[in-house]
Amino acid sequence: ISSTFDHFTSRFEENKGNKDSLVTIIDRAYAETDAYLRKNNRSMAAALALTGAVIKVQYISLQAMKAETMSDKNRQVFENIYKQKLYLDNLINLMEELKSDKDCAKLLSDLQSQKKVFDSIRTLEDLTSENLTKMADAVAATRSAIVG
C-alpha cells in the first residue's frame with residue numbers, strides 16, 4: 001500500500017494548486033490500493049481503506065471549497081461535492097454489512113451522523129458557503145474519529 005501512495009507523491013506535489021487534479025489523483029491512488037487489498041483477500045481492510053479515502057476526499061474538497069460560491073468556473077467541483085452524498089450512502093451500506101466488528105459499528109454510527117447533515121442538502125443550489133461549512137464540520141468529525 002505504501003508503494004502505491006509513494007508512486008502518487010510526486011503527482012500530488014505537481015498538482016497541489018489544482019483541486020480537480022488532486023481529487024482525481026486521490027481517487028486513482030485509492031483504486032490501486034483497493035485492487036491490491038481485494039486481490040490479497042483483505043476485504044475488511046479494503047472496506048476501511050475505501051472509507052478512509054472517501055472521507056479524505058470529502059475533507060479536502062470541502063475544506064477547499066467551503067468559502068467559495070458556485071460559478072461556471074467551479075460548477076463541476078460543486079457537482080462532485082454534491083455527488084459525495086451517494087458515496088456516503090454506499091459507505092453506510094458497506095459498514096452495515098461489517099457492523100459485527102466493533103470498529104466498523106463505530107464508524108457506521110459516525111457516518112450516519114454525517115449523513116444527517118448531508119441529507120439536509122437537497123439540491124446542488126443548496127451548496128451555499130454556510131451549508132458547505134456544515135458539511136465540512138460533519139466530515140471533520142468523522143475524520144477525527146478515524147484518525148484519533
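Trainee: Which residue forms a salt bridge with E79?

Mentor: R75 is the partner, and the closest N and O atoms are 3.3 Å apart. A salt bridge here is a side-chain nitrogen of Lys or Arg within 4 Å of a carboxyl oxygen of Asp or Glu. Before we go on, this is a predicted model: local features need pLDDT of at least 70, side-chain atom pairs count only at pLDDT 80 or more, and totals for chains, interfaces and linings use all residues. Residues are numbered from 1 along each chain as its sequence is written, and side-chain values use heavy atoms, without hydrogens or water.

Trainee: Why are E79 and R75 separated by about one helical turn?

Mentor: Because they are four residues apart in helix α4, residues 75–98 (helices are DSSP runs of H or I, at least four residues, numbered from the N terminus). Both ends of the pair are partly exposed: E79 has a relative accessible area of 24%, and R75 comes to 32%. The scale is buried under 20%, exposed over 50%, and partly exposed in between, with a 1.4 Å probe and protein chains only.

Trainee: How many salt bridges does a search of the whole structure find?

Mentor: Seven. Another of them joins K115 to D89, with the closest N and O atoms 2.9 Å apart. This pair links distant parts of the chain, since K115 lies in helix α5 (residues 102–119) and D89 in helix α4, 26 residues apart. K115, at 23% relative accessibility, is partly exposed, and so is D89 at 27%.

Trainee: Which residue meets K99 in a salt bridge?

Mentor: E96 does, at 3.1 Å from N to O. Here too the residues are partly exposed, K99 at 44% and E96 at 32%. Elsewhere, R75, E79 and E125 are joined into one network by salt bridges that share partners.

Trainee: What sits over the ring of Y59?

Mentor: The charged end of R143 does, 4.3 Å from the ring centre. The rule asks for NZ of Lys or CZ of Arg within 6 Å of the centre and within 35 degrees of the ring normal.

Trainee: How many residues are in the largest nonpolar core?

Mentor: Start with the general idea: in soluble globular proteins, nonpolar side chains tend to be buried together. In this model the largest core has 27 residues, a core being buried Ala, Val, Leu, Ile, Met, Phe, Trp, Tyr and Cys residues joined through side-chain atoms within 4.5 Å. The residues with the most contacts inside this core are L62, I81, M95, L111, L127, L132 and M135. Helices α3 (43–65), α4, α5 and α6 each supply at least two of its residues, and α4 gives the largest share, with nine.

Trainee: Which residues is M135 in contact with, leaving aside its neighbours within four places in sequence?

Mentor: They are L62, I81, V117, F118, I121 and L127, with contact meaning heavy atoms within 4.5 Å. Compare N131 in helix α6 (residues 129–147): with the same neighbours left aside, N131 is in contact with I121 and D126. N131 is buried, at a relative accessible area of 18%.

Trainee: What covers the buried residues of α5?

Mentor: The cover includes α3, α4 and α6. Beneath it are C104, L107, L108, D110, L111, Q114 and F118, the buried residues of α5. L111 should look familiar, as it is among the residues with the most contacts inside the largest core.
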